[in-house]
Amino acid sequence: MTDSKYFTTTKKGEIFELKAELNSDKKEKKKEAVKKVIASMTVGKDVSALFPDVVNCMQTDNLELKKLVYLYLMNYAKSQPDMAIMAVNTFVKDCEDPNPLIRALAVRTMGCIRVDKITEYLCEPLRKCLKDEDPYVRKTAAVCVAKLHDINAQLVEDQGFLDTLKDLISDSNPMVVANAVAALSEIAESHPNSNLLDLNPQSINKLLTALNECTEWGQIFILDCLANYAPRDDRESQSICERVTPRLSHANSAVVLSAVKVLMKFMEMLPKDLDYYGTLLKKLAPPLVTLLSAEPELQYVALRNINLIVQKRPEILKHEMKVFFVKYNDPIYVKLEKLDIMIRLASQANIAQVLAELKEYATEVDVDFVRKAVRAIGRCAIKVEQSAERCVSTLLDLIQTKVNYVVQEAIVVIKDIFRKYPNKYESVIATLCENLDSLDEPEARAAMIWIVGEYAERIDNADELLESFLEGFHDESTQVQLQLLTAIVKLFLKKPTETQELVQQVLSLATQDSDNPDLRDRGYIYWRLLSTDPVAAKEVVLAEKPLISEETDLIEPTLLEELICHIGTLASVYHKPPSAFVEGSRGVMHKRLPARTGSGESTESPDVGTIAGGSGTETAPSIIPSQGDLLGDLLNLDLAPPTTTGPPPPTSGMQMGGMDLLGGGLDSLMGDESEPLGGDIGGSAAMGAGFGAVPAVMPASLNAPMGGGLGDLFDLGGGVGMPLGAYIPPKTVWLPAMKAKGLEISGTFARRAGVIQMELTLTNKAMSVMTDFAIQFNRNSFGLAPAGPLQVLSPLSPNQTIEVSLPLSTVGPVMKMEPLNNLQVAVKNNIDVFYFSCQYPISMLFVEDGKMERQVFLATWKDIPNENESQFQIKDCHLNSDAASNKLQASNIFTIAKRTVEGQDMLYMSIKLSNGIWVLAELRVQTGNPNYTISVKCRAPEVSQCVFQCCEAVLKN
Amino acid sequence: MSHEAVRVDPDMEYLTPGVVDLEQMFWTGLGATYTHCNQVWPNLYIGDKKTALEKPGLVEMGVTHIINAAEGTWNNVSTEMIHSLFLVNPSGDIFLEKHWKSVVSRSVCDYFLEAREKALDPEDVPPVISTPHHYLISIYRDKLFFLSVIQTEVPPLFVIEFLHRVAEMIQDYFGECSETVIKDNVVMVYELLEEMLDNGFPLATESNVLKEMIRPPTILRSVVNTLTGSSNVGDKLPTGQLSTIPWRRAGVKYTNNEAYFDVVEEIDAILDRTGTTVFAEIQGVVEACVKLSGMPDLTLSFMNPRLLDDVSFHPCVRYKRWESERVLSFIPPDGNFTLMTYHVNAQNLVAIPVYVKHSINFFESGSGGRLDLTVGPKQTMGKTVEGVLVTVHMPKTVLSVSLNATQGSYTYDNATKVLVWDIGKLNPQKLPNLRGSLSLQTGAPKPEENPSLNIDLKIQQLAISGLKVNRLDMFGEKYKPFKGVKYITKAGKFQVRM
């Protein structure tokens with residue numbers, strides 16, 4: 001006899017029949033009937049109509065029947081809330097049952113019934129169960145608190161269940177501890193700011209003890225919870241790591257990966273010269289390798305995480321290349337991931353082996369995999385310079401196979417290789433041209449056209465080749481059309497005599513016969529450029545192209561840091577920050593790797609090294625923003641047009657479409673912006689890159705002159721209305737010449753009409769000319785970042801001094817610095833990269849709309865807890881309160897009200913920082929007393945000290 | 001003139017949306033990413049319930065008023081880890097569903113079935129699929145898909161491990177994991193699933209504990225149950241559930257006390273065309289069958305434990321003892337369990353037991369080709385290699401084969417293009433050979449792709465890594481148990497490139 005009999009009921013009146021059986025007097029028949037109901041439920045049949053009848057079976061001594069009824073209730077209670085109330089009495093009674101199994105079952109089921117009305121009845125039984133003598137009941141009750149919180153958070157808080165739950169962390173039974181931790185972290189997840197899991201060394205110790213004793217699942221919860229803790233110093237960090245390391249040998253891969261997360265995170269705090277650091281690195285490799293011998297699904301998740309780990313700490317797996325070799329019968333999703341990691345681990349030492357493997361893969365059956373393998377060869381060439389030649393010859397071998405998709409992929413990657421190593425491998429162009437006819441994919445066609453256009457002078461029949469594409473111009477995809485347009489213009493500029501007709505033809509196709517605005521715009525730009533100033537056109541279109549950098553496919557460092565903190569989660573599988581997920585993200589908080597503490601030295605911190613290291617020429621604005629960000633940026637630009645008279649400046653590549661290109665604006669546009677624009681349009685080998693970068697680069701460089709102009713306007717106004725200018729500290733030497741091979745930098749910061757400027761004086765004290773200046777900031781407390789490139793247009797000759805003003809934005813990556821207003825800067829020139837750090841007056845960040853409403857001020861002042869208030873003395877200041885107020889106002893410290901009590905003036909002031917933090921202050925000035933008292937209140941008390949220093953500097957200036 | 005590097009991701013050719021695309025986006029509303037809260041105008045936000053409930057966050061943003069524009073009365077986001085489980089058979093039918101919270105319509109599986117359609121092979125279905133409102137995490141095991149629906153950020157490995165545990169539990173209870181068996185025991189499976197997970201927290205996944213709560217079916221018991229009306233559900237709290245050794249129940253009693261250990265090693269290897277090892281490693285596992293009364297405390301030691309590169313243990317193994325003395329010290333679960341798995345990847349330690357001489361040629365004309373295979377023993381440590389099975393994935397255009405095997409038999413499946421040669425025992429004196437001709441589809445060109453060859457084999461009484469158990473000691477109980485160790489070596493993913 002099997003359960004399949006429960007499925008075989010007569011079709012007619014099935015529900016009716018069941019109803020009768022459920023109401024039968026015979027126990028056995030009842031049980032069988034409930035089983036039938038459950039069986040229908042498992043195949044998705046709707047049996048909710050039987051609700052009252054099933055609930056009637058609930059009062060029974062038979063445990064199995066009770067369980068079955070409870071199963072049914074959980075499924076349907078939500079759809080029948082009124083009926084569910086009927087069950088409440090039984091639940092309450094069962095919670096008193098002498099058998100702990102039944103008590104636990106009742107409290108568990110009650111929590112699953114997501115009906116608002118039932119929750120109030122649940123409180124008393126739950127309270128009892130949380131204190132039950134039996135640990136099985138307690139651990140079930142702990143989970144129930146989380147369930148109840150999900151239904152009615154307020155109720156749980158009012159009833160004090162959260163405190164009871166916190167007490168359970170100290171329970172004698174490790175299973176109860178694990179469930180309490182799991183419940184608390186789940187609740188904390190939906191209320192990120194509630195500070196529920198108050199992690200301190202004592203509670204951490206408790207968790208670590210429980211870690212050794214509880215089940216594997218409990219271990220996962222505890223480890224995930226530990227990962228949120230910020231150890232005080234490297235010693236604590238090390239001791240936690242030591243106690244977590246044994247988890248790496250657990251049979252459950254989820255435990256292993258959670259342990260890896262904790263170790264990866266806390267390792268960040270350990271000094272690299274510590275012996276233990278090296279030991280830990282060695283211990284991490286074997287378990288990661290072992291994960292790859294598990295079931296393919298586990299392998300996949302492990303590989304996605306390993307992908308992050310090798311980017312963060314390549315040294316861990318650098319000797320394990322072979323385990324990532326692809327096996328024939330790996331599922332395709334595993335194959336593709338392995339391939340990706342192989343490239344990441346490729347180095348000069350192992351490149352021969354990697355290439356041999358990749359070549360092997362390129363002859364496999366699966367098309368997607370073969371394509372990716374061919375691309376991988378191209379990536380190797382770009383990553384490991386020494387291997388480029390072998391890669392190219394491997395690619396040529398593959399082209400000889402004439403397998404269509406292989407050839408197409410190969411051509412796409414060869415284009416990238418050309419861009420990385422110009423003037424090196426052009427001899428292969430002839431071979432490529434032979435395959436022109438077989439290309440049917442847009443990407444491959446576009447790549448081939450780019451190659452023909454770029455090297456038109458070396459290809460005798462370039463005009464014929466391009467002309468052949470032109471015949472079916474309107475049938476091509478946009479990508480190909482754009483590329484063809486550019487390529488023909490390039491050809492024309494290189495061989496003007498014989499291609500005039502061709503260029504006319506393509507321009508008219510693009511501008512007159514096309515509906516695509518992008519294509520039209522580009523056509524018009526070229527047209528006008530060619531007709532007004534062919535020399536300029538040449539400079540623009542044939543401009544030297546930016547090299548593609550080696551580590552182009554790396555995840556952006558801040559994102560990588562965040563993802564490392566989320567190892568083992570969905571975020572790590574999708575390589576997206578949790579905030580990008582539709583549902584269930586962990587609120588708005590962003591996790592960060594902890595900074596190293598202990599013996600820290602500021603200027604040579606590893607972060608500066610990594611940013612300015614690597615390619616060395618990379619600067620922040622050229623990073624392609626992710627799609628979401630980009631869209632956001634564009635919208636922002638549209639929302640906040642500069643309020644000036646005259647034509648609005650083109651702020652992004654997109655808006656150009658809206659401009660009258662034939663109007664007078666164009667010439668000036670081209671005049672100012674020829675370099676970046678030319679670079680992007682002319683050098684659109686990787687269109688994604690070029691155009692992706694446009695919106696990020698252009699507004700920045702345009703803002704520079706714009707901001708200056710605006711500043712002048714406001715300065716004029718200021719001369720009339722405001723008696724005082726904003727406080728600008730005097731320039732100080734930031735980088736002495738002897739530390740920077742002859743380059744001396746001194747500077748200061750200023751805020752002019754809402755734009756933060758970094759004002760630099762560069763002096764060349766060396767004997768040779770300096771060129772190619774670039775600047776980059778490390779992440780800092782307020783996200784300061786250069787809003788444009790460093791504009792040093794002419795080379796700096798020996799003994800020459802130049803003044804540069806660099807506009808800054810506050811949208812860069814954020815990391816808390818010590819002191820708060822510390823800024824680490826890297827400056828590069830043709831000689832080397834130099835690092836220095838400086839401190840900016842925090843008044844730079846005080847925004848113009850920082851004047852609070854009086855009412856709001858009062859409310860906010862009261863709202864901020866008193867422990868956030870700090871008091872300072874400003875000594876030897878001889879201003880009266882009005883003068884002080886004026887002076888402060890000039891630096892965007894606004895006086896809201898003034899009160900005089902017993903000869904003492906009280907000024908109430910508000911400040912708003914660029915990141916939206918409000919600072920409130922009260923300044924007390926006693927007539928005749930040169931010492932002021934200032935009280936600062938802010939939700940982020942760490943800024944108080946800075947604010948005070950700044951007020952002092954402003955007042956004394 | 002200098003230029004800055006531009007980031008290019010060759011795999012994700014991201015193009016800035018052009019005017020046309022932007023226009024499209026505004027019309028269709030696609031392309032923007034969802035966040036909990038967006039500032040749509042200075043000081044004007046659109047956010048979800050989560051944002052609205054979070055007071056400190058609101059204060060920080062300076063929100064003073066909220067207008068509720070939500071639809072419906074009960075629109076909150078679930079926090080349950082594993083929301084639902086669906087079992088799907090290879091033809092795409094859902095034959096069991098279990099919901100731990102509210103009922104999720106089975107139409108959510110459509111995304112999965114779509115991916116299933118797209119994949120060439122059921123094994124190629126990606127294990128994590130995202131849909132607009134859920135994530136689907138699935139495993140493929142025993143020709144069944146175990147598909148879980150989740151809504152929150154959950155560690156995917158947690159889910160996958162749990163799903164494998166479900167499959168193992170079914171296997172353990174009913175002897176096999178198949179659609180028929182699950183359908184036959186649907187109510188019990190349902191009860192078990194409920195026992196295993198509560199609100200996303202696994203409750204009891206140890207087979208010992210589960211079996212005390214819900215007794216596995218036996219023919220005898222179902223007869224007794226029918227006669228007496230008693231049930232399969234245990235009415236006492238399982239003893240192991242809350243002790244510090246949750247894997248063992250109390251009061252175990254056997255008349256014959258015995259403990260057997262199987263050391264099973266699998267060789268994963270890739271050999272290239274010339275027979276050189278590209279990559280090789282050994283995956284080892286120590287399976288235990290322990291039937292001992294009371295609370296025995298065992299110590300197992302190896303002759304050469306330093307051999308192992310990485311080890312993972314059953315929770316019962318005391319890690320500290322292993323760290324300090326390299327012995328396995330544990331109180332075993334009752335019955336069958338995996339004591340440890342290990343890994344040997346020092347290449348020189350991995351012996352390759354067989355070699356393959358192969359040649360496959362296709363005629364330039366494209367009408368056919370020839371195949372010649374010989375298999376012989378290599379490093380076998382003097383043992384016999386048995387159960388040798390060679391599998392060749394032929395190029396797609398190979399229509400039929402006409403071969404002659406000196407030993408064993410072969411089959412060719414034209415649908416999957418797989419040639420299987422079942423050799424059996426390897427005789428070093430007379431090496432098995434398979435040769436003959438291949439015929440291609442008429443008009444098909446000479447195949448481009450290289451076929452690949454997989455080997456299955458078995459060697460009894462040998463752990464190829466050389467691992468040897470030294471001794472097994474028992475403490476805590478008085479009786480003398482029977483003890484035994486068995487070694488076996490198999491081929492894992494053993495692949496030869498042709």
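How many bridges pair β4(A) with strand β7 of chain A? The first close-up below gives the answer, and the others move on to further parts of this predicted model.

**View 1. Three strands of chain A line up as an open sheet in the order β4-β7-β8.** The pairing in this sheet is antiparallel. To answer the opening question, β4(A) and β7(A), which covers residues 822–828, are joined in the antiparallel sense over four bridges. If you would like one pair of residues to look for, take A:F777, whose bridge partner in β7(A) is A:V825. At the edges stand β4 (774–777) and β8 (833–839) of chain A; each has a single partner strand, so one side of each is left without a neighbour in the sheet. From one strand to the next, the twist averages 25°.

**View 2. Five strands of chain A make an open sheet in the order β1-β2-β3-β6-β5.** Here, too, the pairing is antiparallel. Which strands stand at the edges? They are β1 (732–735) and β5 (785–786) of chain A, and each has a single partner strand, so one side of each lacks a neighbour in the sheet. Within the sheet, strand β2 (residues 743–752) of chain A pairs with β3(A) in the antiparallel sense over ten bridges. A handy place to see this pairing is A:R751, which has A:I756 of β3(A) as its bridge partner.

**View 3. Strands β10 and β11 of chain A form a hairpin.** Strand β10 spans residues 894–901 and strand β11 spans residues 904–912; the two run antiparallel and are joined by seven bridges. One of the paired positions is A:T895, matched in β11(A) by A:M909. Two residues lie between the strands, and A:E902 in the turn has a positive phi of about 50°.

**View 4. Two loops of chain A hold backbone details to look for.** In the loop between β6 (801–809) and β7 of chain A you will find A:P819. What kind of peptide bond joins A:E818 and A:P819? The bond is cis, with omega at about -5°. The other loop lies between β3 (755–764) and β4 of chain A and contains A:D772. Although A:D772 is not a glycine, this residue has a positive phi of about 55°.

**View 5. Helices α26 and α27 of chain A cross at roughly 155°.** The axes of α26 (residues 478–494) and α27 (residues 500–511) come within 9 Å. That crossing angle makes α26(A) roughly antiparallel to α27(A). The crossing is left-handed. On the α26(A) side the contact is made by A:L485, A:I488, A:V489, A:L491 and A:F492, while α27(A) brings A:Q500, A:L502, A:V503, A:V506, A:L507 and A:A510. Sorted by class, this contact has ten nonpolar residues, one polar residue and no charged ones.

**View 6. Helices α6 and α7 of chain A meet in a left-handed crossing.** The axes of α6 (residues 100–112) and α7 (residues 116–130) come within 10 Å and cross at roughly 150°. The two helices are therefore roughly antiparallel to each other. Look for A:V107, A:M110 and A:G111 in α6(A), which meet A:I118, A:Y121, A:L122, A:L126 and A:C129 in α7(A). By class, the residues in this contact are seven nonpolar, one polar and none charged.

**View 7. Helices α2 and α4 of chain A cross at roughly 35°.** The axes of α2 (residues 27–42) and α4 (residues 63–76) come within 10 Å, and the crossing is left-handed. From α2(A), the residues A:K31, A:V34, A:K35, A:V37, A:I38 and A:M41 meet A:E64, A:L65, A:L68, A:V69, A:L71, A:Y72, A:N75 and A:Y76 of α4(A). Which classes of residue take part in the contact of α2(A) with α4(A)? There are ten nonpolar, one polar and three charged residues.

**View 8. An aromatic pair links distant parts of the chain.** Over all chains, a search of the whole structure finds 23 aromatic pairs. Among them is the edge-to-face pair of A:Y300 and A:Y333, with 5.4 Å from centre to centre and 85° between the planes. A:Y300 sits in helix α17 (residues 296–312) of chain A and A:Y333 in helix α18 (residues 332–345) of chain A, 33 residues apart.

Notes: Residues are numbered from 1 along each chain as its sequence is written. Chains are lettered from A and ligands numbered from 1 in the order in which they are written. This is a predicted model: local features need pLDDT of at least 70, side-chain atom pairs count only at pLDDT 80 or more; totals for chains, interfaces and linings use all residues. Side-chain values use heavy atoms; hydrogens and water are left out. Two strands pair if DSSP finds at least two bridges between them. Axes are lines fitted to C-alpha atoms, for helices over the stretch in contact, and angles run from 0 to 180 degrees between N-to-C directions. Angles under 35 degrees count as roughly parallel, over 145 as roughly antiparallel, 65 to 115 as roughly perpendicular and the rest as oblique. A crossing is left-handed if the near helix is turned anticlockwise from the far one by less than a right angle, and right-handed if clockwise. Contact means heavy atoms within 4.5 Å. Ala, Val, Leu, Ile, Met, Phe, Trp, Tyr, Cys and Pro count as nonpolar, Asp, Glu, Lys and Arg as charged, and the others, Gly among them, as polar. Rings of Phe, Tyr and Trp (its six-membered ring) pair if their centres lie within 6.5 Å; planes under 30 degrees apart count as stacked, over 60 as edge-to-face and the rest as tilted.
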